[in-house]
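Notebook open, viewer open. I'm jotting things down as I look them up.

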Amino acid sequence: MQRRQFLSLAVGSLAAATAAPSARPNIIVMMADDMGWSDLGCYGSEIATPTLDRLAANGLRFTQFYNTARCCPTRASLLSGLYPHQAGIGHMMNDNGLPGYRGNLNKSCVTIAQVMKSSGYQTAMCGKWHVTPKAIADQPGGKDNWPVQRGFDHFFGTIDGAGSFYNPGTLTRDNSYIEPEEKDFYYTDALGKNAVAYIDKFSAKADPFFLYLAFTAPHWPLHCPEDTVAKYKDTYKDGWDQLRLKRHAKQKKLGLVKANWELTPRDKSVAAWVDAPDKEWEARRMAVYAGMIDRLDHAVGQVVRKLEEKKMLENTLILFLADNGGCAEGMSAVPDNASPNTSGKPKTTRDGRTVRYGNTPDILPGPEDTYTSYATSWANASNTPFRMYKHWVHEGGISSPLIAHWPASIKRRNAMSSEPSHLIDLMATCVDLGKAKYPTEWNGEKITPMEGKSLGPVFLTGKRTPHEAIYWEHEGNQAIRMGQWKLVKMHGGEWELYDIDADRTELNNLVSAQPERVKTMAAKWDSWAKRAMVAPWQSWAQPKKAGKKKA
Ligand SMILES: [Ca+2]
């Protein structure tokens, strides 16, 4: 007890010395959707992201922060502090019968909002939920896993995943579907505006707040108001090959990547820019994508200005990340499901014009009557210098920016940390900094212990006791990271081993050179998979035809 008092005093004086706040911080977790590792200015991009760059310059950038490679599992993992399968969302919103694959948050997990709210935080969410199927909303108990029933005092956003930015399907206020009110409605702007309104509301009370702001930008469809797209009209006219070189050079200059991490070769399925047809249309696709991120940064700017106005910026921890890497998915010319308000794929615009689907040069992306994606060529550039994309667990699929801004406690400016860290750490961080209690039981259900470790010590000192291992599984793609070593496998392929310290871009496979390490790490992955309710991919369905490649 005496020792405890002494430690508490010692910590107290350290806190005074570093001006650490006595009050618990407000916490804002902001997330982009389908954004590559290199897409922010402060991670190597030419896209204007002045607010996020400023947060990075006055805070800490993590260079080895990881997500789960896909929308739903990332959201499940972030919210629960568990690996996605443990929260019931090993894949997407389909119910495959197995406990790790019910496609709906299970009852043996709690969300960060539930934990923070129970310890006295005010809570709200703006944006994309995507951890419960929209199709069951009208059934009894069908809204049990909506944000308000899962710990958020307030919610403005979408229950479902992707959708039109001008007229999003499943747009919801608290527990009811709504329609966009403004004629010039643009989802990213609306999220910023509502986040600002929630902060206004929070500021009326002394209790700290937890805000989860989950943007849908820059996920397809490529939708962006023309005045913002116009800023990037000429930016991409030199094509993706130049862009990858420029971003890689900037990343080296910024110190984000080591000089010996070689740029991966251009994706084999992508033409050299000199040979690419329809260059103007291609440059337009990337200009719209860039505009979507520009606009996202603008919304973040509104939130930061509101915090400044309320004198809350100093003791607010802002975390900014992405849910998965750049997305190589194409776009079908025929919308696959198109009923209003239950799907993000509308047949018509709000004023009745037909929405044109597909990635063809006669459809110039941006406006409400288009539905297109930027696909492999530009996703390859978004993920500079890495290879692979959303869905895969090579570095291009799972590497995320993580900016941490908290002036009251993060005293090093423009700092970087290469600490390997993961979404599971966000629950642990909130519990730690919010002095909250993670429950063992909730509503009579036993709660799975959290998997993560707090990032708090990294914020304060730059160091923490590292994870012994971090794990991934998505659609049969598997990986385990232990210290500098990463073992990774594509579905149906063989294990590959990389020394991430020497070769973060995964070009030099050491699997033959280090059979013992491969064996040990593979066995560790197997025992994790068993523990975390991971099942062999599609073991619940007809086996997929061998060699069939995904979109
Ligand atoms: Ca996503």
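Where does Pro221 lie? I found Pro221 in the loop between β7 (209-214) and α6 (226-229). I went there for the backbone: Trp220 and Pro221 are joined by a cis peptide bond, with omega about 0°. Note to self before going on: this is a predicted model, so every angle here is the predictor's.

**Another cis bond**

I looked up Thr384 and Pro385 as well. The peptide bond joining them is cis, with omega about 5°. Pro385 sits in the loop between α9 (375-382) and α10 (395-398). Reminder of why I bother to log these: most peptide bonds are trans, and most residues other than glycine have a negative phi.

**Positive phi**

That second half sent me to the phi values. His130 is not a glycine, yet its phi is positive, about 60°. I placed His130 in the loop between β3 (122-128) and β4 (154-158). Is His130 buried or exposed? I get 27 other C-beta atoms within 10 Å of His130, so it is buried.

Glu506 goes on the list too: not a glycine, phi positive at about 55°. Its loop runs between β19 (496-499) and α13 (515-531). I counted Glu506 as buried because it has 21 C-beta neighbours inside 10 Å, and the cut-off for buried is 20 or more.

Lys435 is a further entry, with a positive phi near 45°, and it follows α11.

**Helix α11**

Since I was there, I checked how covered α11 is. This helix takes in residues 424-433, and 8 of its 10 residues are buried. I wrote the buried ones down: Ile424, Asp425, Leu426, Met427, Thr429, Cys430, Val431 and Leu433.

**Stepping back to the whole chain**

How many helices and strands does the protein have? I have 13 helices and 19 strands in the log. The radius of gyration is 22 Å, close to the 24 Å that the globule rule gives for 551 residues, so the protein is as compact as a globular protein of that length. Along the principal axes, I have the C-alpha trace spanning about 75 × 60 × 50 Å.

I then looked at burial overall: 52% of the 551 residues count as buried. On contacts, I took those with a separation of 6 or more, and 74% of them come from residues 24 or more positions apart.

**How confident is the predictor?**

I get a mean pLDDT of 93, with 93% of the residues at 70 or more. I did flag residues 338-342, where pLDDT is below 50; beyond near neighbours in sequence, that stretch has 10 contacts in the model. Residues 543-551 got a flag too, with pLDDT under 50 throughout and 6 contacts beyond four places in sequence.

**What packs on α8**

Next up, helix pairs. I started with α5 (residues 187-202) and α8 (residues 279-309), whose axes come within 8 Å and cross at roughly 10°. That makes α5 roughly parallel to α8. From α5, the contact uses Thr188, Asp189, Leu191, Gly192, Ala195, Val196, Ile199 and Asp200. From α8, I listed Arg295, Leu296, Ala299, Gln302, Val303, Lys306 and Leu307. I sorted the residues of this contact into 8 nonpolar, 3 polar and 4 charged.

Which residues of α2 meet α8? I noted Pro50, Thr51 and Leu52 in α2, and they meet Asp297, Val300, Gly301 and Val304 in α8. Helix α2 covers residues 50-57, and its axis comes within 7 Å of the α8 axis, crossing at roughly 55°. By that angle, α2 is oblique to α8. I split this contact into 4 nonpolar, 2 polar and 1 charged.

**Last look: Lys250**

I put Lys250 in helix α7 (residues 239-254). I count 19 other C-beta atoms within 10 Å of Lys250, so it goes down as partly exposed; buried would take 20 or more. I also took a distance to Ala290, which is 40 residues from Lys250 along the chain: their C-alpha atoms are separated by 17 Å.

Notes. Residues numbered from 1 in each chain as written. Predicted model: local features only at pLDDT ≥ 70, side-chain atom pairs only at ≥ 80, totals over all residues. Helix = DSSP H or I, 4+ residues; strand = E, 2+ residues; numbered from the N terminus. Rg over C-alpha atoms; globule rule 2.2 N^0.38 Å. Buried ≥ 20, exposed ≤ 12 C-beta atoms within 10 Å, placed from the backbone. Contact = placed C-beta atoms within 7 Å. pLDDT = per-residue confidence, 0-100. Axes fitted to C-alpha atoms, helices over the stretch in contact; angles between N-to-C directions. Parallel < 35°, antiparallel > 145°, perpendicular 65-115°, else oblique. Nonpolar A, V, L, I, M, F, W, Y, C, P; charged D, E, K, R; others polar.
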